[in-house]
Structure formats: structure tokens, C-alpha cells
Amino acid sequence: MTAATRDLAVYIHWPFCLSKCPYCDFNSHVAEAVDYNHWRGALLAELSHYAAQLPDRNIISIFFGGGTPSLMEPATSAALIDAVAGHWSLADDIEITLEANPTSVEAGRFRDFRLAGINRLSIGVQALDDKALGFFGRGHDQTQAIDAVTLAGSIFPRTSFDLIYARPHQTIDGWTKELSEALAMGPEHLSLYQLTIERGTPFYSAHRRGDFQIPAEGLSSALFEVTQELCTSRGLPAYEISNHARPGLECRHNLVYWTGGDYVGIGPGAHGRLTVGDTVFATEQIPGPTNWLDAVAASGHGTRKFEALDAATRIDEILVMGLRLRDGLTRDAFHMATAHAFEDVLEPRRLRRLIDAKFLEIDTRGLRATAQGLIRLNAVLAALLA
Ligand code: SF4
């Protein structure tokens, strides 16, 4: 692919939610009223702003994330998809994903989103357990979640749903039963995240107060291993630390992030990576919804950062993202992204220590984390890149 026809993914951020989940540190906000026309115009304006700087790209994915983009009017998503098609060429097999929550209000609009052009729905189920859903402050129960997943499967060509595990009081047996129920629903793609306590969230304060405890490292690792075994045995192996799919049905949008591809981020707080000439730029939009809206009204975009990445930073981020993948980084992919071989940039003694400890493997194909390395990837990366 030449620079003139480089593939590009488009991320569009809708920052509003019905309520704020206590574990969430995403750029999501509860607003009393949203001026949908105003928001549609602003997102379209920012899209045009970036399109003018990035001519002749081939769009392989559009991803509506949030926040809760299923609260966006379906007509807004249709207008944005049409605008993307007007600015660029679309790949024949373009993936167009919308994140949704399984409340009845949102499920009632699934058909309209399909008509708008969405062809993949990613549903935030989070737990198949009403007590856990209550703990997570979710606005749906288990029955609504199952109904929403079933309905989505009858409407969208592709679907996925998310679950959060390694929760307080969770046992291996309890998670095995819950994950088995999820797999029995026949998903083609599952995102399975371990609960993390993020600074600044209500869970962070509650956890510090001792209101609840999350599983110790040994139990977390055991839960991760059970997850891998169960999903693999049902035909959904992990292709990334937290993502499982039937072969060929991986999320193409997220693969762009993990393989160092180009993506443009539209909307409050959205990030992007854009190759212009031989330089990769990191972009970031103003995070606050009102400030972003004001900036777009004033200058057509809410960009607060458009910064060339130096070679060392780019190498580190390619390694950090690529080693999340089960297959790791191929030598060709790493060379294409960084113009270097692994041996040129990795400190030999650190690499050797991690290989000897059986956390990393390197061969003629490339560099990858072993199963044990994936369980403790943050520590492995810290030791590799220190
Ligand atoms: S619905 Fe999603 S984005 Fe919104 S607060 Fe909950 S976890 Fe965060």
C-alpha cells in the first residue's frame, strides 16, 4: 500500500452515558440535555477538518465508541457514515462498529442503527449475574443483556459482547459457570476484561476504604488461565490479551491499534495516529464535551495535540501494542512500522533474561509473549523497555 492510498480507520467518540458506572475512567459524562443537531454538526465538521488533511485514504473501519454511542440518534451515525464515504473511498468489506448497552431503550433502536449502516454491534454486557451488575452500577439486568445479545444477533451481521471478571468474591467455579453460559450463547467475538481499579473513580475510593477487595494475583492468574482454556475449547481463542474470536472474526478496528496502523480520532478526547509522509503524528482532541464543542464552533476542530512522534517513542508504542497480540509482532511488521529490526533496538541482556524466563519468544517469524508472559505483560514490558 503506498502512502497515497494508505488504509485508515475512523474512531468517533460519543461522550454521553445515562449514568456513570463506578469503575469507569473513560471520557464519559452524564448530561441533563444533549443538543443532538449541534453535536451532529460538530462531529461532521471535525471529520471534514481531518479529511482535508488526509486525502486519498482507504477506510477499512469506522468505530463509534464512548461513552454510550447507542444513545446517539441513528440518523447521526448515518450522517457520519455518509460523510466518511463522501470524503474517502471505503473498503468493500468495511467494518462499522457501534458500542451499545443492553438497556431496552437502546435495544429498541438496534434496527435503526442497522439501517444507518452499522454492521457490527459491540454490547457492554459486563456480567451474567444480577448481583454483579448491581455492583457495577449497570442500568440493565441479566435477562435484558441476554435479550439484547439475541436481538443483536438477528439484526447485525457481526456482534460481540464484553464481560468483566476477577470481581470481588468471584471463584473459579462461579466464573467457569458464567463464562460457559456466555459461550453457550454462540458469540463470534468476546471481550473479557479483568476488573481494574482506576484512580479517580468511585471504586478507587471504595477499594481504598476497604469496602471490597479484588482477587489476589494468584487467583487472577488462575481466572485468566481458565478463561483461555474455556474459550479455546469452544473455538474462540484469544487473539489479544482480552479479546477472543472465531478465526477470521477478530475486530479489525482494534487490530489497527495493535498493529500500528493509522486511525483518525473524532470527538471529545479522541486520539489518533496519522502517517503523513514519513512521519507519524499523535493527535488528541479536547476532552471536555463543552470545551470541544466550543472549539469546533470557533475553528472547525477541537484538536489540542498534533505532535510528531520521535523514533524511540514510536518503537516503544509498537512493542507495547503489538505484544498484546497472541501472535506478537512479525519481523516484517516491526520493520515496516519502525524501519528497524528487533535486534537493533532491544537491549540484548534484557531480551535474553525475558526469553530465558520463558516470558518472551523470538525467532525468524518475530517476537511474541508466551502464555506466561501475557499474564504479566505489563511487568514484562517494563523489564524489556526500562
Ligand atoms: S456505560 Fe460504559 S462508558 Fe458509560 S460510564 Fe458505564 S462503563 Fe463508562
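**View 1. What surrounds the ligand in this predicted model**. The shell around the ligand splits into five nonpolar, five polar and two charged residues. Going through the names, we meet Cys17, Ser19, Lys20, Cys21, Tyr23, Cys24, Phe26 and Ser28. Gly67, Thr68, Asn101 and Arg138 complete the group.

**View 2. A cis peptide bond at Gly67**. Gly67 has already turned up as one of the residues around the ligand. Here the thing to look at is the bond that leads into Gly67 from Gly66: this peptide bond is cis, with omega near 25 degrees. Most peptide bonds are trans. As for its place in the chain, Gly67 sits in the loop between β2 (58-66) and α2 (74-87).

**View 3. The largest nonpolar core**. This core has 85 residues, and the members that touch the most other members are Val10, Ile62, Phe64, Trp88, Phe110 and Leu360. Helix α1 (residues 36-53) is the biggest giver here, with six residues. A second core, separate from this one, has 14 residues, among them Cys21, Ala132, Ile197 and Ala206. Cys21 is also one of the residues around the ligand. In soluble globular proteins, nonpolar side chains tend to be buried together.

**View 4. Zooming in on Phe64**. Leave aside residues up to four places away in sequence, and Phe64 still touches Ile12, Pro69, Met72, Ser77, Leu80 and Ile81. Its list of contacts goes on with Ile96, Thr97, Leu98, Glu99 and Ile118.

**View 5. Strand β9 next to β1**. Strand β1 (residues 7-14) runs parallel to β9, and four bridges join the two. Look for Ile12, which stands opposite Ile266 in β9; Ile12 is also one of the residues that Phe64 touches. Which residues of β9 (residues 263-266) point one way, and which the other? Tyr263 and Gly265 share one direction, while Val264 and Ile266 take the other, and all are buried.

**View 6. An open sheet of three strands**. The order is β13-β15-β14, with antiparallel pairing. β13 (329-330) and β14 (360-362) are the edge strands, and each has a single partner strand, so one side of each has no neighbour in the sheet. Between β13 and strand β15 (residues 366-369) there are two bridges. To find one pairing, start at Thr330, whose bridge partner in β15 is Gly366.

**View 7. Two residues with positive phi**. Most residues other than glycine have a negative phi. Gln126 is not a glycine, yet its phi is positive, at about 75 degrees; for Lys358, also not a glycine, the value is about 65 degrees. Are these residues buried or exposed? Gln126, in strand β4 (residues 120-126), has a relative accessible area of 9% and is buried. Lys358, in the loop between α15 (348-356) and β14, counts as exposed at 60% relative accessibility.

**View 8. Stepping back to the whole chain**. The chain holds 17 helices and 15 strands. Its C-alpha atoms fill a box of roughly 55 × 50 × 40 Å along the principal axes. For 386 residues, a compact globule would have a radius of gyration near 21 Å, and the chain agrees, with 21 Å. Of these 386 residues, 52% count as buried. Among contacts with a separation of 6 or more, 70% link residues 24 or more positions apart.

Terms used. Residues are numbered from 1 along each chain as its sequence is written. This is a predicted model: local features need pLDDT of at least 70, side-chain atom pairs count only at pLDDT 80 or more; totals for chains, interfaces and linings use all residues. Side-chain values use heavy atoms; hydrogens and water are left out. A nonpolar core is a set of buried Ala, Val, Leu, Ile, Met, Phe, Trp, Tyr and Cys residues joined through side-chain atoms within 4.5 Å. Buried means under 20% relative accessible area, exposed over 50%, partly exposed in between (1.4 Å probe, protein chains only). Contact means heavy atoms within 4.5 Å. A residue is near a molecule or strand if one of its heavy atoms lies within 4 Å of it. Ala, Val, Leu, Ile, Met, Phe, Trp, Tyr, Cys and Pro count as nonpolar, Asp, Glu, Lys and Arg as charged, and the others, Gly among them, as polar. Two strands pair if DSSP finds at least two bridges between them. The radius of gyration is taken over C-alpha atoms; the globule rule is 2.2 Å times the number of residues to the power 0.38.
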